[in-house]
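Trainee: Please take a close look at the interior of this protein. I should also like to see how the interior is set within the rest of the chain.

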Amino acid sequence: MVKITVLSGGVGGARFIRGLRHELRQTRPDRAGGTTESVTAVVNTGDDMWLASLRIAPDLDSIMYTLAGANDEERGWGRLGETERVSAELRSYGVGWPWFTLGDLDLGTHIARSHYLRSGLSLSEATARITARWDLGVRLLPATNDEVETHVTVDDGSSMHFQEWWTKHRAALRARSFVQSNVSVSRPAPGVLEAIAAADVIVLAPSNPVVSIGTILGIPGIRAAVAAASAPVIGVSPIIAGSVVRGMADACLEAIGVATSAYAVAAHYGARSSGGLLDAWLVDESDAAAVPAIELLGIRSAAVPLWMRDLETSATLARDTLSLAFARG
Ligand code: FO1
């Protein structure tokens, strides 16, 4: 059995993982219509927060809903066929954030998660209970069970929760820095280090390199585990032809002084052979000219179609990722 561990944020990572699941079901099917292989997603929890006394976990929910086929594909977050009756009531009571909509179906998830947490379960255990409702075919692990929330310090020196910067201000306030609260005392969630050590391939999904992948790697122990893993480590560029695919990763990259390019993000993660993480890095065909320079960094690279327009293109990208990962340079 091939074991694949994917470090992932929300939307881009969710689409990649859905494509990977489809590819494995097609090429390595089991008798039940699933796959003989095993995929574990180690998911960013830095976007998480308490809102209206409920624990919101956007990246875990994006991946869960996408794999369940219950996601709002256009909006990129939340549930298909969502209604907002309760959130209108919450707004009337001044509860929650008016700029952060908690849909009725989505609230079901947040209430269930908060119920499990209030009953003494960890986020991992709550996630296992919630995802068991659907046959996702992928194991979702939060990167940590500790509350490690990303806060953004903006130019005027004030700081706010990532979600306020992202959804209220649309990342328009120039970010000076991102810090995760309590990260120094946080620990990888159960199963995370094992999933990295036991993997036959480790993928850095096309997620935000700063606040998603960066936050996962910032949990003490995770970066070192990836660097020490026996599996090849391959990343998929979240930047195509100098711009972000979606979201506002460019605003985040600027804050850490990394250019918004496929090459710069590869250099940011670094080649494993020189103390970084990457053995290989996939770029879009439009960035083919960057391949030689990336290979000069000591990172094997290839240019393939990165746009995940639908299930087939996502599955093709997953196939390209696995073949580059296993190609011995
Ligand atoms: N994003 C928005 O732009 N506006 C919202 O009102 C909003 C609500 C929301 C509720 C639950 C949830 O899980 C995600 C939500 N998001 C919303 C998206 C969220 O900010 C992003 O999914 C990630 O945190 C960034 O990757």
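Mentor: A residue counts as buried under 20% relative accessible area, as exposed over 50%, and as partly exposed in between (1.4 Å probe, protein chains only). The model is predicted, so local features need pLDDT of at least 70 and side-chain atom pairs count only at pLDDT 80 or more, whereas totals for chains, interfaces and linings use all residues. Residues are numbered from 1 along each chain as its sequence is written, and side-chain values use heavy atoms, with hydrogens and water left out.

The whole chain sets the frame. The protein chain has 13 helices and 14 strands, taken as DSSP runs numbered from the N terminus (helices H or I, at least four residues; strands E, at least two). Its radius of gyration is 19 Å, close to the 20 Å that the globule rule gives for 329 residues, so the chain is as compact as a globular protein of that length. That radius is taken over C-alpha atoms, and the rule is 2.2 Å times the number of residues to the power 0.38. Along its principal axes, the C-alpha trace spans about 60 × 55 × 35 Å. Of the 329 residues, 56% count as buried. Contacts (heavy atoms within 4.5 Å) reach far along the sequence: among those between residues at least 6 apart, 68% join residues at least 24 apart.

I turn now to the interior itself. The largest nonpolar core has 55 residues, and those with the most contacts inside it are Leu 7, Trp 165, Ile 202, Ile 222, Val 226 and Trp 281. Helix α11 (residues 262–269) gives the largest share of this core, 5 residues. Such a core is a set of buried Ala, Val, Leu, Ile, Met, Phe, Trp, Tyr and Cys residues joined through side-chain atoms within 4.5 Å. Leaving aside residues up to four places away in sequence, Val 226 touches Leu 7, Ile 196, Ile 202, Leu 217, Val 233, Arg 272 and Leu 277. Apart from this core lies another, of 40 residues, with Ala 14, Phe 16, Val 236 and Leu 306 among them.

Ala 205 deserves attention in this setting. It lies in the loop between β9 (201–204) and α8, and with a relative accessible area of 2% it is buried. On the same count of sequence neighbours, Ala 205 touches Val 6, Leu 7, Ser 8, Gly 13, Ile 213 and Val 236. Ala 205 and Gly 13 are 192 residues apart in sequence, yet their C-alpha atoms are 5.2 Å apart in space. Leu 7 is thus touched by Ala 205 and also by Val 226.

Other loop residues provide a contrast. Gly 221, in the loop between α8 (213–217) and α9 (222–228), is partly exposed at 38% relative accessible area. Arg 133, in the loop between α5 (123–131) and β5 (139–142), counts as exposed at 59%. Its C-alpha atom is separated by 9.2 Å from that of Ala 68, which is 65 residues away along the chain.

Two further loop residues concern the backbone. Most residues other than glycine have a negative phi. Ser 53, between β3 (49–51) and β4 (54–56), has a positive phi near 65 degrees and is exposed at 54%. Asn 182, between β8 (175–180) and α7 (192–197), has a positive phi of about 60 degrees and is partly exposed at 48%.
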